[in-house]
Amino acid sequence: MPAAINNLLRLSPVATGFCVYNSMSKKRMVDTRFWHDNWIRKLNALERYLFLYLLTNDKCSFCGVYELPLSVMAFESGIDEHDLETALLPKLEPKIYYKNGWVFLINFDRYHVNDSPNNQKGYNSALEELPQEILNVFK
């Protein structure tokens with residue numbers, strides 16, 4: 001591997017081999033109150049896991065609306081596509097919607113965007129990048 005690429009990537013051992021991570025990865029924090037939310041407490045363990053995956057995966061945008069193919073969601077979460085589509089994703093509504101290969105996290109901005117100008121700028125920029133037809137789906 002060329003030295004320049006090697007400097008940008010970090011290899012991390014995992015149980016099945018090696019995973020390549022971008023050294024400029026995003027960080028997501030989950031508020032500890034998540035576990036005390038009455039709606040979350042009614043979910044089973046697999047539904048909570050999927051909820052956390054959708055909040056924290058690397059495709060999640062700053063505005064909480066992002067494209068995520070079902071096949072990628074299934075691969076990364078280890079959950080069967082059919083189970084995702086027919087049982088798990090519908091159960092997460094009305095908190096998370098999955099339509100036409102796009103995820104919409106309701107109230108994402110409430111938890112991840114504060115009053116700082118940089119956060120507001122990032123949020124607005126992420127919204128502006130979304131295709132109009134996707135914004136129309138989630139209105």
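A residue is called buried here when its relative accessible area is under 20%, exposed when it is over 50%, and partly exposed in between, using a 1.4 Å probe and protein chains only. By that yardstick Ser61 is buried, because its relative accessible area is 16%. You will find Ser61 in the loop between α3 and β3. Leaving out neighbours within four places in sequence, Ser61 is in contact (heavy atoms within 4.5 Å) with Arg28, Tyr66 and Phe108.

Before we go further, a word on what you are looking at. This is a predicted model, in which local features need pLDDT of at least 70 and side-chain atom pairs count only at pLDDT 80 or more, while totals for chains, interfaces and linings use all residues. Residues are numbered from 1 along each chain as its sequence is written, and side-chain values use heavy atoms, with hydrogens and water left out.

Now for the overall picture. The protein has eight helices and five strands; these are DSSP runs numbered from the N terminus, helices being H or I of at least four residues and strands E of at least two. Reading from the N terminus, the order is α-β-β-α-α-β-α-α-β-β-α-α-α. Of the 139 residues, 31% count as buried. Among contacts with a separation of 6 or more, 53% are between residues 24 or more positions apart. The protein exposes about 9,500 Å², with carbon and sulfur atoms supplying 55% of that area; accessible areas come from the Shrake-Rupley method with a 1.4 Å probe, and for residues only the protein chains shown count as cover.

Let us turn to the sheet. Three strands form an open, antiparallel sheet in the order β3-β5-β4, where two strands pair if DSSP finds at least two bridges between them. The edge strands are β3 (65-67) and β4 (96-99), each of which pairs on one side only. From one strand to the next, the twist averages 15°. Three bridges join β3 to β5 (residues 102-105), and within this antiparallel pair Val65 stands opposite Phe104. On the other side, four bridges link β4 to β5, with Lys99 opposite Trp102.

The strands β4 and β5 also form a hairpin with two residues between them. Asn100 sits in that turn and has a positive phi of about 50°, although Asn100 is not a glycine. Asn100 counts as exposed, because its relative accessibility is 63%. Just beyond β5, in the loop leading to α6 (108-112), lies Asn107. Asn107 is another residue other than glycine with a positive phi, near 65°, and at 29% relative accessibility Asn107 counts as partly exposed.

Which residues of β4 lie on its covered face, and which on its uncovered one? Ile96 and Tyr98 are on the covered face, while Tyr97 and Lys99 are on the uncovered one. Helix α3 (residues 45-56) lies across β3, β4 and β5, running at about 100° to β5.

The helices also pack against one another. Two packed helices are described by the angle between their axes and the distance between the axes. Axes are lines fitted to C-alpha atoms, for helices over the stretch in contact, and angles run from 0 to 180 degrees between N-to-C directions. The axes of α3 and α5 come within 10 Å and cross at roughly 75°. That makes α3 roughly perpendicular to α5, a term covering 65 to 115 degrees, whereas angles under 35 count as roughly parallel, over 145 as roughly antiparallel and the rest as oblique. The contact joins Leu46, Glu47, Leu50, Phe51 and Leu54 of α3 with Leu84, Leu88, Leu89, Lys91 and Leu92 of α5. By class, this contact has eight nonpolar, no polar and two charged residues; Ala, Val, Leu, Ile, Met, Phe, Trp, Tyr, Cys and Pro count as nonpolar, Asp, Glu, Lys and Arg as charged, and the others, Gly among them, as polar.

Helix α5 (residues 81-92) has a second partner. The axes of α4 (residues 70-77) and α5 come within 9 Å and cross at roughly 95°, so α4 is roughly perpendicular to α5. Here Leu70, Ser71, Met73, Ala74 and Ser77 of α4 meet Glu81, Leu84, Glu85 and Leu89 of α5.

Glu81 itself is partly exposed, with a relative accessible area of 37%. Not counting residues up to four places away in sequence, Glu81 touches Leu70, Ser71 and Ala74. After α5, the peptide bond from Glu93 to Pro94 is cis, with omega near 15°, and Pro94 lies in the loop between α5 and β4.
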